Amino acid sequence: MVSTQLKIVVTRPSPFGEALCSELEPENFFCIHCPLIDFQPDSSYDKDQRLILLKQSQTWIFISRQAVNFCFEVFSEAEQASLHQLSADKKIIAVGSATADALAQLGIEAMVPTTPNSEGIIALLGQHQLATQATLLIRGNQGRALLQEYFSEGHLSILPVYQRHTTQHRLQPVDQATAIVVTSGQLMELVAQQITEQQQRRDVTIISGSQRISQIAQQFGFTNCYTAENASNTALVKSCILWRNSVT
């Protein structure tokens, strides 16, 4: 049983990390925001090229809130209004509820898979018989290999709209009174790079946003893992409270 004050380290990038801390602090957690990555716009495609890809594709898949925000921020309000009209003729998939909310703020309604991951998106594509439709995957500069394997050649185009960059932030020493919130496989790998001692990996708790991330953590030797229902703030806070109840 741990008697000292429990500490939550949030590794999410800004501004999402601060938002999660603001929901944890009223629950009497001592929070430290340590963003291990940040996002920068990807200028590989200018707005004219993006518009062509959006028009040519029958299905749009957004894999994160960042994909939504960075995709549309290059367009003027008038252009965004035209895209809103265009979206009415498209099938639109958001990987999870947070991504769907970002689209809803633009007036765009999206389907959300039962499970917020590539497997869930593939199931949704199959359910709506969209595998042979021209599809645009809007994402960062890497990831979602499973989706790329799913589509036959020529049916999938990729639009990278942001890049992930590793920051210079360093994790403070951890112990049994510390939990680290990790919401992507890349963040988990960065955590493992900074916590190299096996005893510390056994002491600290990982609060992850998916089963896949927990599996990665366990492969690195982190034995205390709590898997949230999804990567939303609500689900992550709930897992943090479950962890506290188990150690105090």
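Reader: Let's start with the sheet that holds β3. In what order do its strands lie, and is the pairing parallel, antiparallel or mixed?

Author: To read a sheet, walk across it strand by strand and check the directions as you go. This is a predicted model, and here 5 strands line up as β3-β7-β6-β4-β5 in an open sheet with mixed pairing.

Reader: Which strands sit at the edges?

Author: An edge strand has a partner on one side only, and here that goes for β3 (37-41) and β5 (91-94). Going from one strand to the next, the twist averages 20 degrees.

Reader: Can we zoom in on β4 and β6? How many bridges join them?

Author: Strand β4 (residues 59-62) runs parallel to strand β6 (residues 135-140), and 4 bridges hold the pair together on paper. If you want a spot to click on, try Ile61, which stands opposite Leu137 in β6.

Reader: Now the sheet with β1 in it. What is its strand order?

Author: Same walk, new sheet: β2-β1-β8-β9-β10, which is 5 strands in an open sheet, with parallel pairing. At the edges you find β2 (30-33) and β10 (224-227), each paired on one side only. Neighbouring strands are turned by 25 degrees against each other on average, ignoring direction.

Reader: And which residue of β2 is the bridge partner of Val10?

Author: That's His33. The strands concerned, β1 (residues 7-10) and β2, pair in the parallel sense over 4 bridges.

Reader: What does α11 touch on this sheet?

Author: Helix α11 packs on the sheet and touches β1, β8 (178-182), β9 (205-208) and β10. Compare directions too: α11 makes about 155 degrees with β9.

Reader: How do I read the packing of α1 against α11? What angle do they make?

Author: For two helices, look at the angle, the distance and the handedness. Helix α1 (residues 16-24) and helix α11 (residues 233-247) pack at about 50 degrees, their axes 10 Å apart. That angle is why α1 and α11 count as oblique to each other. Their crossing is right-handed.

Reader: Which residues make the contact?

Author: From α1 you get Ala19, Leu20, Glu23 and Leu24; from α11, Asn233, Thr234, Leu236, Val237 and Cys240. Sorted by class, the contact has 6 nonpolar, 2 polar and 1 charged residues.

Reader: Zooming out, how many helices and strands are there?

Author: The protein has 11 helices and 10 strands. Its radius of gyration is 19 Å, close to the 18 Å the globule rule gives for 248 residues, so the protein is as compact as a globular protein of that length. Along its principal axes, the C-alpha trace spans about 60 × 35 × 30 Å.

Key
Residues numbered from 1 in each chain as written. Predicted model: local features only at pLDDT ≥ 70, side-chain atom pairs only at ≥ 80, totals over all residues. Heavy atoms only, no water. Axes fitted to C-alpha atoms, helices over the stretch in contact; angles between N-to-C directions. Parallel < 35°, antiparallel > 145°, perpendicular 65-115°, else oblique. Left-handed = near helix turned anticlockwise from the far one by under 90°. Contact = heavy atoms within 4.5 Å. Nonpolar A, V, L, I, M, F, W, Y, C, P; charged D, E, K, R; others polar. Pairing = 2+ DSSP bridges. Rg over C-alpha atoms; globule rule 2.2 N^0.38 Å.
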